[in-house]
Amino acid sequence: MIFKLALRNIIGNGWRSLINIGIIAAVLISLIWMEAMWYSWLVLAKTQQKQWEFASGMLRSKNYDPYDTFSWEKSYAPIPAEVLPHVESGDIVPILYAPSVIYPGGRQLSAMVKGIPAGQKVLELPSSGLAPSEDGPIPALIGKNMARTTKLGIGDVFTLRVKDSAGAFNAVDLQITDVMDSPVPSLDIGTVWVDLSALREARLLTDVATVLVLKEKSLQSVSAPQYELITEKEFFADLNEMVMTKAVGQSVLFLLMIFLAMLAIFDTQALAIFKRRKEIGMLSALGMTKGQITRMFTLEGALYMVFAAIASLVLGFPLFWYFATKGFALPGGVDFGVVGFDRPLKFVYPLPLILLTLVLMFILTAFVSWLPVRKIAALKTVDALKGGTNA
Amino acid sequence: METKTVTITKMSKAFPTGEGEFLALKEVTLDFGAGEFAGIVGPSGSGKTTLLNVIGSLDTPSSGEVDVLGYKVSQLSAKQSSELRSHHLGFIFQTYNLLPVYNVYENVEFPLLLLKMDSQKRDRMVKDALEWVGLTDKTKSRPAQLSGGQCQRVAIARAMVKKPSLVLADEPTANLDTENSLHILDTMKNINANLGTSFIFATHDQKVIKYLRRVIRLVDGEVVSDDLQTGA
Ligand SMILES: Nc1ncnc2c1ncn2[C@@H]1O[C@H](COP(=O)(O)OP(=O)(O)O)[C@@H](O)[C@H]1O
Ligand SMILES: [Mg+2]
């Protein structure tokens, strides 16, 4: 009954209802869009980072502290006997890091040189061209970003100086064989990739590595006491945190929009209570209880939200569809310095999150509608019937 | 003994004013039986509306007893007085007080929605009520599209649709011309005759007074006379 009446009021309210529904629907569409963008980006970033860098897990040498540059020189540890067969079979990819100095075109720059087996198949990093030839410079791979800062291109030869295990500097000649378009900036910025064996040779090292990348999750249980297992959760902690920070930064805009929508509802409701005072008196005279009247007006406000949700799903559908299939490209290829933003982002929709948003918005609308309606309870029927303002 | 619809015993109503209280009704004692067509008559400010409001449990008496259809008005909870109004009372006001967003049919249907009945029965009752007042061709119109006389007929249909025991009409003709006034008075008189519904009017309109079977004169909140009119 109350529902029917509330519905009638909304329909009877005509264009004012439409404006309210329009405003809320616009806010909902933006909310869903924004949530989908951050979520899709996070999903994409994780997928790409797994494909290019992390695979199914990572064992990191305990000698390596990513935050301590002085540790990098001796950041390796021997590959344990139990791991070696997996390295043989290609299921575990050892990577060796070494701080180095490169001399591209007569300049001097420090870079992290990383050795990876040229034949590895676990990561999408294009290492296949790194297999060293008998003589001539060692093949090297860099990212687009690194190519820009070093002004190096395919075919260019430059010198790299790296410390060997005895602490002496060795200089080797490298030649760029490939410039990759890595979606993971950390594989690109300040990094030079060479074949693992070539790097070991230059550093007079044998079976050592800084990190061991695992193809399968089951390999996480191999015994490698000098290594520390980095789980997915730990690995992506920074990424998650960054997305949260950025999303929270954006949320100010959203709170503003939600506030606007709520204001529209509050205003409509407050005005209704004021203008429809006499009507409320009549409803009471006809025998409606204050509870029923309060519920009716609250429901009326909350129904705006229901209609807006339907409207936003229907009206927003083409938009949502477009972003899911064509993707979202940042104008002018803005470089966010973060994973995954250099190509169109195809949206995936976090349904539970969207549902939660709708439910929260519904509760919020119901509350905001109820706020001005509360006053009804304090209104005497006779006074309301007079329509005046002397409550 | 005749069953009483309304029994008022030494009822007073005081309104707080700037400097104390204003006594709008002074120890009124009255009763109404079933099927009455009575009017409270008196000059403006004599307390007619106040008396009607107390009978309709829209307002509470300051002292004395008011019994309406077995409900003790001064002791009712908000819920009980809603129940009394929704089940047993009909109201007609000078300003019609129709619900503007509802059409004629919906306005008349409203009291029945509060009573929870099946939709077929409801539909039949709404159509009956619209027939009594001669508005069967206006069911889809909004109040804003109707004349004053038509609005008041909708209000009568709304008051009558649930066949209440008692209808309270406060200056129902004050905004109507003679023709419309007589039309609605005829309508109400017919309903009174056919359904046995009690009507209590508050009015100072001579046209209305002519129709009344019983005239209660109120002056400054006091009943000064209470007469039956045989000519009506
Ligand atoms: N809420 C109120 N507060 C103070 N005085 C009131 C109130 N309602 C009515 N009165 C006073 O009570 C008297 C009777 O009013 P009312 O019953 O409306 O008279 P009538 O309907 O006969 O014109 C008037 O003098 C009026 O000013
Ligand atoms: Mg009056």
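**Rings and buried serines in a predicted model**

Let's start with Phe235(A): its relative accessibility is 18%, so it counts as buried, the cut-off being under 20%. Keep in mind as you look around that this is a predicted model. The next residue to pick out is Phe236(A), which at 2% relative accessibility is buried too. Elsewhere, in chain B, try Phe199(B) and Phe201(B). Their ring centres are 6.0 Å apart and the planes meet at 15°, so this pair is stacked. The relative accessible area of Phe199(B) is 0%, so this ring is buried, and Phe201(B), also at 0%, gets the label buried as well.

How many aromatic pairs are there over all chains? The count is 18. One of them brings us back to where we began: Phe235(A) and Phe236(A) pair up edge-to-face, with 5.1 Å from centre to centre and 85° between the planes. Chain A also has a group worth pulling up on screen, where Trp33(A), Phe320(A), Tyr322(A), Phe323(A), Phe347(A) and Tyr349(A) make up one aromatic cluster.

Rings can have charged company, too. Which residue has its charged end over the ring of Phe169(A)? That would be Arg161(A), sitting 4.2 Å from the ring centre. Another arginine, Arg8(A), takes us from one chain to the other: it lies over the face of Tyr102(B), 5.5 Å from the centre of that ring.

Now for a couple of serines. Ser369(A) belongs to helix α10 of chain A, which covers residues 351-377. Is Ser369(A) buried or exposed? Its relative accessible area is 0%, so it is buried. Setting aside residues up to four places away in sequence, what does Ser369(A) touch? Its partners are Ile265(A), Gln269(A), Phe297(A), Thr298(A), Gly301(A) and Ala302(A).

Over in chain B, Ser181(B) sits in helix α6, residues 178-195. Ser181(B) has 0% relative accessibility and therefore counts as buried. Where does its side chain reach? It gets to the backbone oxygen of Asp177(B), at 2.8 Å. Beyond its neighbours within four places in sequence, Ser181(B) is in contact with Thr173(B), Leu176(B) and Lys207(B).

Conventions:
Residues numbered from 1 in each chain as written. Chains lettered and ligands numbered in written order. Predicted model: local features only at pLDDT ≥ 70, side-chain atom pairs only at ≥ 80, totals over all residues. Heavy atoms only, no water. Helix = DSSP H or I, 4+ residues; strand = E, 2+ residues; numbered from the N terminus. Buried < 20%, exposed > 50% of the residue type's maximum accessible area, 1.4 Å probe, protein only. Contact = heavy atoms within 4.5 Å. Polar contact = N/O pair within 3.5 Å; in protein donor to acceptor, adjacent residues only side chain to side chain. Phe/Tyr/Trp six-rings, centres within 6.5 Å; stacked < 30°, edge-to-face > 60°. Lys NZ or Arg CZ within 6 Å of the ring centre and 35° of its normal.
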